[in-house]
Amino acid sequence: MEKATFYNDMMINENVNQGTVSWEKAGNTLFLQGTLDRDSLLPLWQQKEYVLEDIDNIDVSQLSRVDSTGLALFVQLKGECQKRGKSLTFSGAGERLSTLVALYGLQALLDDHQA
């Protein structure tokens with residue numbers, strides 16, 4: 001298993017705090033924890049190739065907050081995987097994320113089936 005926490009472009013190993021996103025890889029699933037917003041997503045975006053290697057599911061159940069930029073990241077990641085012929089699903093979406101997805105008309109993002 002791997003775990004990293006990012007804050008202001010620095011990797012730290014601490015408890016998840018407000019304004020940080022951490023991730024853990026287990027098998028083919030990436031588990032995200034913390035806050036995924038415009039202030040915390042850049043380090044994850046910069047390492048996306050490594051982070052998503054051999055991943056076909058992203059579990060978002062431990063994210064306390066996702067804003068529209070976090071949602072845009074999910075859309076981009078899924079699109080990039082589809083272009084490569086790979087499947088990427090999202091699991092564990094809570095009510096707040098599901099509402100944001102619905103507001104933007106992106107229900108297909110949470111579908112388990114590829115278009």
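Strand β4 is mostly covered in this predicted model, since six of its eight residues are buried. The strand spans residues 29–36, and two neighbouring strands pair with it in opposite senses: β3 runs antiparallel to β4 and is joined to it by six bridges, whereas β5 pairs with β4 in the parallel sense over seven bridges. Individual partners can be picked out on each side. Lys-25 has Leu-30 of β4 as its bridge partner, and Phe-31 is bridged to Asp-59 in β5. Between β3 and β4 the chain makes a hairpin with two residues between the strands, and in this hairpin Gly-27 takes a positive phi near 65 degrees.

**The overall fold**

The protein has five helices and six strands, and along the sequence these follow the pattern β-β-β-β-α-α-β-α-β-α-α. Of its 115 residues, 39% are buried. The accessible surface of the protein is about 6,700 Å², and carbon and sulfur atoms account for 49% of this area. Among contacts with a separation of 6 or more, 62% are between residues 24 or more positions apart.

Confidence varies along the chain: the average pLDDT is 84, and 81% of the residues score at least 70. Over residues 7–17, however, the pLDDT is below 50, although this stretch has 17 contacts in the model beyond near neighbours in sequence.

**The nonpolar core**

In soluble globular proteins, nonpolar side chains tend to be buried together. Here the largest nonpolar core has 25 residues, and those with the most contacts inside it are Leu-30, Leu-32, Leu-36, Ile-58, Leu-63 and Phe-74. At least two residues of this core come from each of β3 (21–26), β4 (29–36), α1 (41–46), β5 (57–66), α3 (68–83) and α4 (95–103). The largest share, five residues, is supplied by α3.

Which residues does Phe-74 contact, leaving aside its neighbours within four places in sequence? Its contacts are Leu-32, Leu-36, Val-60, Leu-63, Val-66, Phe-90, Leu-97 and Leu-109.

Leu-36, one of the residues in contact with Phe-74, lies in strand β4. Leu-36 counts as buried because its relative accessibility is 0%. Apart from residues up to four places away in sequence, Leu-36 touches Val-21, Leu-41, Leu-44, Leu-63, Arg-65, Val-66, Asp-67, Gly-70, Leu-73 and Phe-74. Between Leu-36 and Val-60, which are 24 residues apart along the chain, the C-alpha atoms are separated by 9.8 Å.

**Salt bridges**

A search of the whole structure finds four salt bridges, including those set out in the table below.

| Salt bridge | Closest N to O distance |
|---|---|
| Arg-65 with Asp-37 | 2.9 Å |
| Arg-38 with Asp-39 | 3.5 Å |
| Lys-48 with Glu-80 | 2.8 Å |

Why does the salt bridge of Arg-65 and Asp-37 tie together parts that are 28 residues apart in sequence? Arg-65 lies in strand β5, while Asp-37 is in the loop between β4 and α1, so the pair links these two parts of the chain. The two residues can also be described by their exposure: Arg-65 counts as partly exposed because its relative accessibility is 37%, whereas Asp-37, with a relative accessible area of 9%, falls under the 20% limit and is therefore buried.

The salt bridge between Glu-80 and Lys-48, in which the closest N and O atoms are 2.8 Å apart, joins two helices. Glu-80 lies in helix α3 and Lys-48 in helix α2 (residues 48–51), so this pair ties together parts that are 32 residues apart in sequence. Both Glu-80 and Lys-48 are buried, whereas both Asp-39 and Arg-38 are exposed.

**A residue with positive phi**

Most residues other than glycine have a negative phi. Asp-54 takes a positive value, near 65 degrees, and is not a glycine. Is Asp-54 buried or exposed? With a relative accessible area of 59%, Asp-54 is over the 50% limit and therefore exposed, and its place is in the loop between α2 and β5.

Definitions and conventions: Residues numbered from 1 in each chain as written. Predicted model: local features only at pLDDT ≥ 70, side-chain atom pairs only at ≥ 80, totals over all residues. Heavy atoms only, no water. Core = buried A, V, L, I, M, F, W, Y, C linked by side-chain atoms within 4.5 Å. Buried < 20%, exposed > 50% of the residue type's maximum accessible area, 1.4 Å probe, protein only. Helix = DSSP H or I, 4+ residues; strand = E, 2+ residues; numbered from the N terminus. Contact = heavy atoms within 4.5 Å. Areas by Shrake-Rupley, 256 points an atom, 1.4 Å probe, with all protein chains shown as cover. pLDDT = per-residue confidence, 0-100. Pairing = 2+ DSSP bridges. Salt bridge = Lys/Arg side-chain N within 4 Å of Asp/Glu carboxyl O.
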